[in-house]
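Okay, thanks for coming, everyone. I'll put the model on the screen, and then we can walk through a few spots together.

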Amino acid sequence: MRLQNNSPPVSDLLKFMKYANKIMGFQWTAARSDKSTELFKLNNDLKKCRLCTIAELRHNLVFGEGDPNSDIMFIGEGPGEKEDLTGRPFVGRAGKLLDQMLSSVGIKRESVYIANIIKCRPPGNRNPSNEEISNCTPYLKRQIEIIHPKLLFGLGKFASSYLFETDAAMGKLRGTHIKKDGIIISCSYHPAYLLRNPSAGNLFIDDLKKAIKCIE
Ligand code: URA
């Protein structure tokens, strides 16, 4: 007498696995695209913003770019000339240096998210005013909520003061970290500062490596 085989045929199992993958894959894709959809909506809201006079002067809003699912988000200061012309963050000389710094620690620019404290270019690349920062940072706050990275890394004084909520000098803040809302916050020098002070490049790399260790 032969034992009866009650298990489903392999072809049925394969069908079921394909189906399960399809469902799980669909959910995963939905979660990913939700972030992109939310960022898209926020970008559209920002395009309508005229809270600051510099909004009238811009060629392009510089919203931010990169992988919205990245564990790492960098925050710079504000768009310069090239960024204003292209609508992309960190594409000028400071941006090239940032790319080099990232690749020296094994990070590809496209694998992280990069944004700025303010989204419109201050004329002549002056520092952002307190009013511009307070008008623009609610948008940044929302951008951070959507992306919810593991690590937020401030580039330079303006981003670091905002993230750490302090006026402490960069020399005191760099290389340190705090944790807020489950996100590690750290910072280092702005790449434009590194262009003027190349010897600080190694400190930047040390600070970035140290910050990345916190999320490994
Ligand atoms: N400097 C910044 O802080 N941000 C940019 O996008 C470019 C230069």
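So, Phe-153: buried or exposed? It's buried, because its relative accessibility is 0%. One thing to keep in mind while you look around is that this is a predicted model. Phe-204 gives us the same kind of answer: with a relative accessibility of 0%, Phe-204 counts as buried.

Those two residues belong together in this story. How many aromatic pairs are there? The count comes to three. In one of these pairs, the ring centres of Phe-153 and Phe-204 sit 6.0 Å apart with the planes at 80 degrees, so that's an edge-to-face pair. For anyone wanting the cut-off, planes over 60 degrees apart count as edge-to-face. Now, where do the two partners come from? Phe-153 is in strand β4, residues 151-155, while Phe-204 is in helix α8, residues 201-214, so the pair ties together parts that are 51 residues apart in sequence. And if you pull up Phe-74 as well, you'll see that Phe-74, Phe-153 and Phe-204 form one aromatic cluster.

Let me jump to another pair, Tyr-189 and Tyr-193. Here the ring centres are 4.8 Å apart and the planes are at 20 degrees, so this pair is stacked. As for accessibility, Tyr-189 is buried at 13% relative accessible area, whereas Tyr-193 is partly exposed at 31%.

Okay, helices next. In general, you describe two packed helices by the angle between their axes and the distance between the axes. So take α4, residues 130-147, and α5, residues 157-164: their axes come within 12 Å and cross at roughly 65 degrees. That makes α4 roughly perpendicular to α5, given that the class covers 65 to 115 degrees. The crossing of α4 past α5 is right-handed.

Which residues meet there? On the α4 side we've got Ile-133, Thr-137, Leu-140, Lys-141 and Ile-144, and on the α5 side Phe-158, Tyr-162 and Leu-163. Sort the residues of that contact by character and you get six nonpolar, one polar and one charged. If you're looking at the numbering on the α4 side, remember that an α-helix has 3.6 residues a turn, so residues three or four places apart point the same way.

Staying with α5, what's buried in it? That would be Ala-159, Ser-160, Ser-161, Leu-163 and Phe-164. What do those buried residues pack against? Quite a list: β2 (72-76), α4, β4, α6, β5 (177-180) and β6 (183-188).

Now for some backbone angles. Just after α5 comes Glu-165, with a positive phi of about 55 degrees, although Glu-165 is not a glycine. Glu-165 lies in the loop between α5 and α6, which covers 170-173, and it counts as exposed at 61% relative accessibility. Phe-90 also has a positive phi without being a glycine, near 50 degrees. You'll find Phe-90 in the loop between α2 (81-86) and α3 (93-104). Unlike Glu-165, which is exposed, Phe-90 is buried, with 6% relative accessible area.

One last stop, Asn-43, over in helix α1, residues 10-48. Asn-43 is buried, with a relative accessible area of 19%, and the cut-off for buried is under 20%. What does Asn-43 touch, leaving aside neighbours within four places in sequence? Leu-61 and Phe-63.

Key:
Residues are numbered from 1 along each chain as its sequence is written. This is a predicted model: local features need pLDDT of at least 70, side-chain atom pairs count only at pLDDT 80 or more; totals for chains, interfaces and linings use all residues. Side-chain values use heavy atoms; hydrogens and water are left out. Axes are lines fitted to C-alpha atoms, for helices over the stretch in contact, and angles run from 0 to 180 degrees between N-to-C directions. Helices (H or I, at least four residues) and strands (E, at least two) are DSSP runs, numbered from the N terminus. Angles under 35 degrees count as roughly parallel, over 145 as roughly antiparallel, 65 to 115 as roughly perpendicular and the rest as oblique. A crossing is left-handed if the near helix is turned anticlockwise from the far one by less than a right angle, and right-handed if clockwise. Contact means heavy atoms within 4.5 Å. Ala, Val, Leu, Ile, Met, Phe, Trp, Tyr, Cys and Pro count as nonpolar, Asp, Glu, Lys and Arg as charged, and the others, Gly among them, as polar. Rings of Phe, Tyr and Trp (its six-membered ring) pair if their centres lie within 6.5 Å; planes under 30 degrees apart count as stacked, over 60 as edge-to-face and the rest as tilted. Buried means under 20% relative accessible area, exposed over 50%, partly exposed in between (1.4 Å probe, protein chains only).
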